[in-house]
Every structure is written in structure tokens, then in C-alpha cells.
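Here's a quick walk through one model, feature by feature. Keep the viewer open and click along.

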Amino acid sequence: MQIVDTGVLTPSFIDFSLPSEFAKSALYYCPQFGQFICNSDYRIERNGINQYLLIYINSGSLCIRTDGMTAEAHGAK
């Protein structure tokens with residue numbers, strides 16, 4: 001599925017999975033997954049979403065602001 005958010009570039013994609021009842025009750029699982037190739041215009045804001053957000057930075061950097069704290073994460077060099 002193509003992503004239409006500002007700052008997300010082609011060939012980014014997102015997909016969804018349907019976990020089994022066992023996975024829902026006993027495991028951590030990833031209901032959405034994808035690859036986002038972004039420029040500096042990309043932003044995400046989450047309020048009250050009860051899901052984990054796992055981010056792997058291949059290159060570049062990411063500024064993260066949460067609970068009044070700010071951190072910058074960098075990709076592998």
C-alpha cells in the first residue's frame with residue numbers, strides 16, 4: 001500500500017497483518033509494517049495509540065520528542 005503522508009518518498013510502503021488469537025493474547029506482534037523513505041518534511045504525531053512503534057534507521061537521523069524529552073537517533077554509518 002502506498003503511503004500518502006507528507007515527507008514520505010517513493011518506493012515507501014506499508015502493509016498490515018492479522019495476528020492469530022494466540023498471538024494477540026500471548027505475544028508481542030506487529031499489526032502494521034513497512035519501509036518509510038522520508039525527507040525532512042516527514043512528521044508523525046501519536047496520542048493515545050496503544051501500540052509499540054519500532055524504528056530502524058538505515059541512514060540519516062530522526063528527532064524524537066516524547067513526554068517533554070527530545071532525543072536524536074542516527075542510522076548506521
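## A charged pair on the helix

Start with Glu21, which is exposed at 60% relative accessibility. Keep in mind throughout that this is a predicted model. Glu21 has a partner: Lys24 makes a salt bridge with Glu21, and the closest N and O atoms sit 3.4 Å apart. That falls inside the 4 Å cut-off for such a pair, and the count for salt bridges comes to one.

Why can the two find each other? Side chains of opposite charge can pair when their charged atoms come close. As for the setting, Lys24 and Glu21 both belong to helix 1 (residues 21-26), three residues apart, or about one turn of the helix. Lys24 itself is partly exposed, with a relative accessible area of 43%.

## Ser12, tucked into strand 1

Now click on Ser12, which is part of strand 1 (residues 8-16). Is Ser12 buried or exposed? Its relative accessible area is 10%, so Ser12 counts as buried; the cut-off for that is under 20%.

The side chain of Ser12 has polar company. One of its polar atoms lies 2.5 Å from the backbone oxygen of Leu9, and there is a distance of 2.7 Å between a polar atom of this side chain and the backbone nitrogen of Ile37. If you skip the neighbours within four places in sequence, Ser12 touches Ile3, Gln35, Phe36 and Ile37.

## Two backbone oddities

Some background for this part: most residues other than glycine have a negative phi, and most peptide bonds are trans. Which peptide bond here is cis? The one from Thr10 to Pro11, with omega near 15°. Pro11 is a strand 1 residue.

The other oddity is Asp67, a residue other than glycine whose phi is positive, near 50°. You'll find Asp67 in the loop between strand 3 (61-66) and strand 4 (69-74). Asp67 is exposed, with 73% relative accessible area.

## Cysteines without a bond

A disulfide is a covalent bond between the sulfur atoms of two cysteines. How many disulfides does a search of the whole structure find? Zero.

The distances tell you why. From the sulfur of Cys30, the closest cysteine sulfur is the one in Cys38, and at 16 Å that is too far for a bond. For Cys38, the closest cysteine sulfur is in Cys63, 14 Å away, again too far for a bond. The cut-off for a disulfide is 2.5 Å between the sulfurs. Cys30 is partly exposed at 46% relative accessibility, and Cys38 is partly exposed too, with a relative accessible area of 34%.

## Links across the sequence

Asp41 lies in the loop between strand 2 (32-38) and strand 3. What does Asp41 contact once neighbours within four places in sequence are left aside? Thr6 and Gly7. For the Gly7 pairing, the C-alpha atoms of Asp41 and Gly7 are 4.5 Å apart, while 34 residues separate the two in sequence. Asp41 is partly exposed, at 46% relative accessibility.

Tyr28 is another one to look at, this time in the loop between helix 1 and strand 2. Its relative accessible area is 71%, which makes Tyr28 exposed. Tyr28 and Tyr52 are 24 residues apart in sequence, and the distance from C-alpha to C-alpha is 9.0 Å.

## Zooming out

What order do the elements follow from the N terminus on? The run is β-α-β-β-β, with one helix and four strands in the protein chain. The radius of gyration is 14 Å, well over the 11 Å that the globule rule gives for 77 residues, so the chain is more spread out than a compact globule. Along the principal axes, the C-alpha atoms fill a box of roughly 40 × 30 × 25 Å.

A few bulk numbers to finish. Of the 77 residues in the protein chain, 12% are buried. Among contacts with a separation of 6 or more, 29% come from residues 24 or more positions apart. The accessible surface of the protein chain is about 7000 Å², and carbon and sulfur atoms own 54% of that.

Methods:
Residues numbered from 1 in each chain as written. Predicted model: local features only at pLDDT ≥ 70, side-chain atom pairs only at ≥ 80, totals over all residues. Heavy atoms only, no water. Salt bridge = Lys/Arg side-chain N within 4 Å of Asp/Glu carboxyl O. Helix = DSSP H or I, 4+ residues; strand = E, 2+ residues; numbered from the N terminus. Buried < 20%, exposed > 50% of the residue type's maximum accessible area, 1.4 Å probe, protein only. Polar contact = N/O pair within 3.5 Å; in protein donor to acceptor, adjacent residues only side chain to side chain. Contact = heavy atoms within 4.5 Å. Rg over C-alpha atoms; globule rule 2.2 N^0.38 Å. Areas by Shrake-Rupley, 256 points an atom, 1.4 Å probe, with all protein chains shown as cover.
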